[in-house]
Amino acid sequence: RAKQKGKNNYQFYTPDMNFTTFENLVLENKLYNALEKNELELYYQPQVDLNTGQIIGMEALIRWVNPELGFISPAKFIPIAEETGLIIPIGEWTLRSACKQNKLWQDMGFNPMRVAVNISAYQFQQEDFVEKVRQILNETGLDPKWLEIEITESIAIKNVDFTVRTLRKFKDMGIKVSIDDFGTGFSSLAYLKNFKIDALKIDYSFVKDIGINSENESIIKAIIMLAKNLKLNVIAEGVETKEQLKFLKHQECNESQGYLFSKPVPSREFEKLLIRNNVFSIA
Ligand code: C2E
Ligand code: MG
Ligand code: MG
Ligand code: MG
């Protein structure tokens, strides 16, 4: 495997490789330089309070545009970054950029908001991950309560003891934690009470079926009820229509994000949203 040979070994296309393998090698080689060539950028998507319409947070989402390959979706390159270990420097850059940007907006006088950062499995499992986060908060001066770490169920249950310990440290530091893509991991609910978390994020795959598939509507209702009983915040992802919004409000979902409000946008665009009014229509 390429990743085991290290970054200084050239890889050649051989007939037994399929196209995907070859494509991944090309991506991998370009990804090694993406950070230093400034090809990565963070976009931000507002998270909206469904009681007030106010932006109360944002999710930082990474974007990669390579001069030769064009735009490459994070769904495609994050797994490669994980396999190669590149996710460590990339993940650190992401955390630092998101914290720095959030602090800057606070210093500019905007209402303080949370910034949510996606953390991948390999990154979360590093022994020094908590220390890294602490160091970045110190460096950027962002109050820990305005940082939210997003992990998936599958990351959380990989090593339950480690997760319990890590999440307790984040809790003690005052950092928020949410479970991303909740409901897609088919994991036991029993662990939830042992994890110090603050929010569940309802996956887009359920939200898109509102008004179409009553089973998925039932799953959404169950997740909202579960969150309420565990006193957790609940955020619906991928809200695109008024109908979906109406359903979520009716079910007393607290927060949502999606194209209905705004796509993820570059920081300059996000700033315009903040300047304009900071409030979305939720009627
Ligand atoms: P995610 O964390 O579940 O992010 C939600 C995805 O849904 C994002 O895709 C977002 O752009 C998209 N989305 C938001 N609203 C809507 C909507 O109304 N409709 C539809 N159809 N999609 C919507 P994106 O940005 O392509 O990211 C895909 C995944 O890549 C993310 O899923 C996350 O798992 C990962 N990712 C993104 N940025 C980072 C990062 O900085 N670090 C790590 N480790 N993973 C990241
Ligand atoms: Mg996410
Ligand atoms: Mg998600
Ligand atoms: Mg996802």
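Q: Which helices and strands each supply at least two residues of the shell around ligand 1?
A: Strand E2 (55-66), helix H3 (74-84) and strand E6 (176-182) each do so. The largest share, four residues, comes from E2. Helices (H or I, at least four residues) and strands (E, at least two) are DSSP runs numbered from the N terminus. This is a predicted model, in which local features need pLDDT of at least 70, side-chain atom pairs count only at pLDDT 80 or more, and totals for chains, interfaces and linings use all residues, while side-chain values use heavy atoms and leave out hydrogens and water. Residues are numbered from 1 along each chain as its sequence is written, and chains are lettered from A and ligands numbered from 1 in the order in which they are written.

Q: What makes a residue count as near ligand 1, and which residues come nearest?
A: A residue is near a molecule if one of its heavy atoms lies within 4 Å of it. There are 21 residues around ligand 1, and Arg-63, Asn-118, Asp-180, Glu-240 and Tyr-259 come nearest. The shell divides into eight nonpolar, six polar and seven charged residues.

Q: What makes the approach of Asp-180 to ligand 1 a polar contact?
A: A polar contact is a pair of N or O atoms within 3.5 Å; within protein, one atom must be able to donate a hydrogen and the other to accept it, and residues adjacent in sequence count only if both atoms are side-chain atoms. A polar side-chain atom of Asp-180 lies 2.8 Å from an oxygen atom of ligand 1, so the pair qualifies. A side-chain N or O atom of Glu-237 is 3.4 Å from an oxygen atom of the ligand, and a backbone N or O atom of Ile-62 lies 3.1 Å from a ligand nitrogen. The protein covers 81% of the 800 Å² of accessible area that ligand 1 has on its own (Shrake-Rupley method, 1.4 Å probe).

Q: Why is Asn-66 called buried?
A: Buried means under 20% relative accessible area, exposed over 50%, and partly exposed in between (1.4 Å probe, protein chains only). Asn-66 has 4% relative accessibility and therefore counts as buried. Asn-66 is found in strand E2, and its side chain reaches the backbone nitrogen of Glu-68 at 2.9 Å.

Q: Is Asn-102 buried or exposed, and what does its side chain reach?
A: The relative accessibility of Asn-102 is 0%, so this residue counts as buried. Asn-102 has its place in helix H4 (residues 87-107). A polar atom of its side chain lies 2.9 Å from the backbone oxygen of Met-113, and the side chain also reaches the backbone oxygen of Trp-146 at 3.3 Å.

Q: What makes Ser-188 partly exposed?
A: Ser-188 has 44% relative accessibility, and therefore counts as partly exposed. Ser-188 is found in the loop between E6 and strand E7 (199-202).

Q: Why do Lys-231 and Glu-252 count as exposed?
A: Lys-231 counts as exposed because its relative accessibility is 74%. Glu-252, at 51%, is therefore also called exposed. Lys-231 lies in the loop between helix H10 (214-229) and strand E8 (233-236), and Glu-252 in the loop between helix H11 (242-250) and strand E9 (255-256). Lys-231 has a positive phi of about 60° although it is not a glycine; Glu-252, not a glycine either, has a positive phi of about 60°.

Conventions. Ala, Val, Leu, Ile, Met, Phe, Trp, Tyr, Cys and Pro count as nonpolar, Asp, Glu, Lys and Arg as charged, and the others, Gly among them, as polar.
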